[in-house]
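Please open the model in your viewer and keep the sequence panel beside it. The stops below go from the whole chain to a single residue and then to one helix.

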Amino acid sequence: MVKLQRSGTKSTTLLENPSICGLSLGKKKSGKILILKLINPNNENKGVLLHCYFLQTQPASPLPPPRDFGAAIERSRDLLRRVKDEAGIPGILVGVSVDGKEVWSEGLGYADVENRVVCKPETIMRIASISKCLTMMAVAKLWEEGKLDLDAPVQKYVPEFPEKVYEGEKVTITTRLLVSHLSGIRHYEKDITKVKEEKEKANRVFKQTKDKEQKEKEGKEIEKTDSAKLRKEHEGEVKSRNSKPGGKDKEFEQEEYYLKEKFESVFESLKIFKNDPLFFKPGSQFLYSTYGFTLLSAIVERASGQKFTDYMLKMFRDLDMLSTVLDDNEAMIYNRARCYVYNKKGRLVNAPYVDNSYKWAGGGFLSSVGDLLKFGNALLYSYQAGQFKSTNGKLLPGYLKPDTVAMMWTPVPKTEVSWDRDGKYAMAWAVVEKNQQCGCCRQQKHYASHTGGAVGASSVLLILPEELDSEAIGSGLVAPPRGVIKRVKLESLMSTYKLGKRAAAEVIANFTQGTGVDRNLSIEYQIQS
């Protein structure tokens with residue numbers, strides 16, 4: 001521990017273990033600037049300027065001792081290795097942040113199998129539908145600035161999108177409906193009959209499962225049936241987990257998932273679906289739709305007065321997400337992983353060429369685990385900042401206002417989540433609310449998450465906020481963000497999307513059990529597929 005003292009005052013601050021961040025203390029300067037040297041085997045004299053603002057007027061109170069996550073990391077690493085072997089995954093990236101600090105980031109396997117390039121924390125992969133969460137951040141910022149009306153018809157910003165009629169009635173699509181997948185705009189499947197049949201089938205099975213669980217909970221006897229019927233029900237339940245609207249298995253079979261055309265603007269990509277009929281009356285039903293976010297990107301462009309891609313890249317710079325970029329096939333992107341699939345013979349092959357320019361907002365970004373942990377922490381800080389006692393009134397504001405994030409993470413009626421049966425969809429996030437129905441039984445914690453499945457990659461991002469104690473908040477000894485963030489990316493078969501969800505949940509459990517952590521957890525998980 002290094003004690004730093006500002007000349008001329010008794011004000012002090014503490015810098016614990018500077019080498020953890022790859023920094024060593026250099027010469028101290030008077031005032032508010034310190035020179036720190038970056039530990040770099042190739043360039044020992046490379047320096048970094050760090051502006052240190054000494055906010056304390058009293059000596060710092062002792063901080064709680066650092067927790068040891070060694071056991072949690074080892075268990076999680078072992079789990080991911082088993083997942084990797086089970087599914088034949090070429091590479092996995094994982095990152096975990098606790099209370100705003102990255103405590104684990106690692107790559108397993110290969111980012112490039114042919115050239116034996118190993119995965120590492122800096123490896124960049126497709127984040128697929130987690131792009132929706134990034135786009136929602138931009139929408140929320142524009143709304144806060146008064147530049148975007150969530151409840152105005154989309155034609156206010158994008159007159160190129162035709163007004164819609166459903167069953168002879170003129171209907172209105174708004175930005176609020178788009179971000180919660182309630183607009184009626186189709187996903188990759190064009191046949192409305194198939195979508196309705198799948199939805200009805202999934203709802204029947206889901207209702208049967210819920211009824212069965214409820215009867216068991218109430219202690220009622222379940223009618224006996226023959227083994228064939230039980231087996232059929234079980235198979236239906238397993239299928240239903242991803243056959244609900246938004247389920248990923250079906251979308252991988254759709255032709256539009258593999259588009260190779262390069263679109264020069266977000267407005268040009270509207271031609272894919274803008275003249276198609278709505279699948280239902282806006283606001284009446286839930287249907288997961290990446291194309292709804294393509295329309296959303298056009299709204300962001302008009303509301304911001306900048307190209308959608310330019311506005312997003314500027315936001316990434318503001319959030320210090322310097323490794324988050326467009327999935328542009330032509331650009332030279334350092335540390336980009338290759339994508340793979342298994343062919344009909346079970347052999348690993350390079351994934352087919354796709355151009356994701358038609359869906360930047362809904363599935364077109366690349367990122368690293370570190371960047372998405374930063375993103376999760378920025379949201380978590382914004383969510384909690386209003387609850388903390390500001391040290392001398394100088395606690396920095398969040399990127400968004402606390403009420404804005406609370407709005408984003410409030411479940412929306414009539415929505416559902418294919419990857420989490422406990423959750424509902426909110427505004428570009430799936431949210432599970434805190435709940436416990438019986439004493440000494442399962443406690444459902446509050447968290448927000450999103451998954452992604454792309455050609456050659458699967459991804460999970462989960463944020464688990466800490467349940468804040470009013471005494472600790474008022475003491476001034478703790479500051480946001482408080483919680484855990486997990487990000488996992490997998491490079492492998494697209495079906496490993498399911499394994500990613502399971503692995504993410506188990507890694508979360510490792511970092512919240514037996515370590516004294518019951519707080520904001522941000523996990524970034526990427527799977528090469």
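Begin with the whole protein chain, whose accessible surface comes to about 26000 Å², with 51% of it belonging to carbon and sulfur atoms; areas come from the Shrake-Rupley method with a 1.4 Å probe, and for residues only the protein chains shown count as cover. This is a predicted model, in which local features need pLDDT of at least 70 and side-chain atom pairs count only at pLDDT 80 or more, while totals for chains, interfaces and linings use all residues. Residues are numbered from 1 along each chain as its sequence is written, and side-chain values use heavy atoms, with hydrogens and water left out.

Colour by secondary structure next: the chain holds 13 helices and 21 strands, which are DSSP runs (helices H or I, at least four residues; strands E, at least two) numbered from the N terminus. Of the 529 residues, 50% are buried, meaning under 20% relative accessible area with a 1.4 Å probe, protein chains only.

Now select Tyr166, in strand β10 (residues 164–166), which is buried with a relative accessible area of 16%. Leaving aside residues up to four places away in sequence, Tyr166 touches Val171, Lys196, Leu278, Phe279, Phe280 and Lys281, a contact being heavy atoms within 4.5 Å.

Move on to helix α8 (residues 308–318), where Phe308, Thr309, Tyr311, Met312, Met315 and Phe316 are buried. Viewed down the axis of α8, these buried residues fall within an arc of 160 degrees, so they line one face of the helix; the arc is taken from the directions from the helix axis to the C-beta atoms. They pack against α2 (131–144), α7 (290–304), β12 (325–326), α9 (360–363) and β15 (365–367). Finish at Asp320, which follows α8 and has a positive phi, near 65 degrees.
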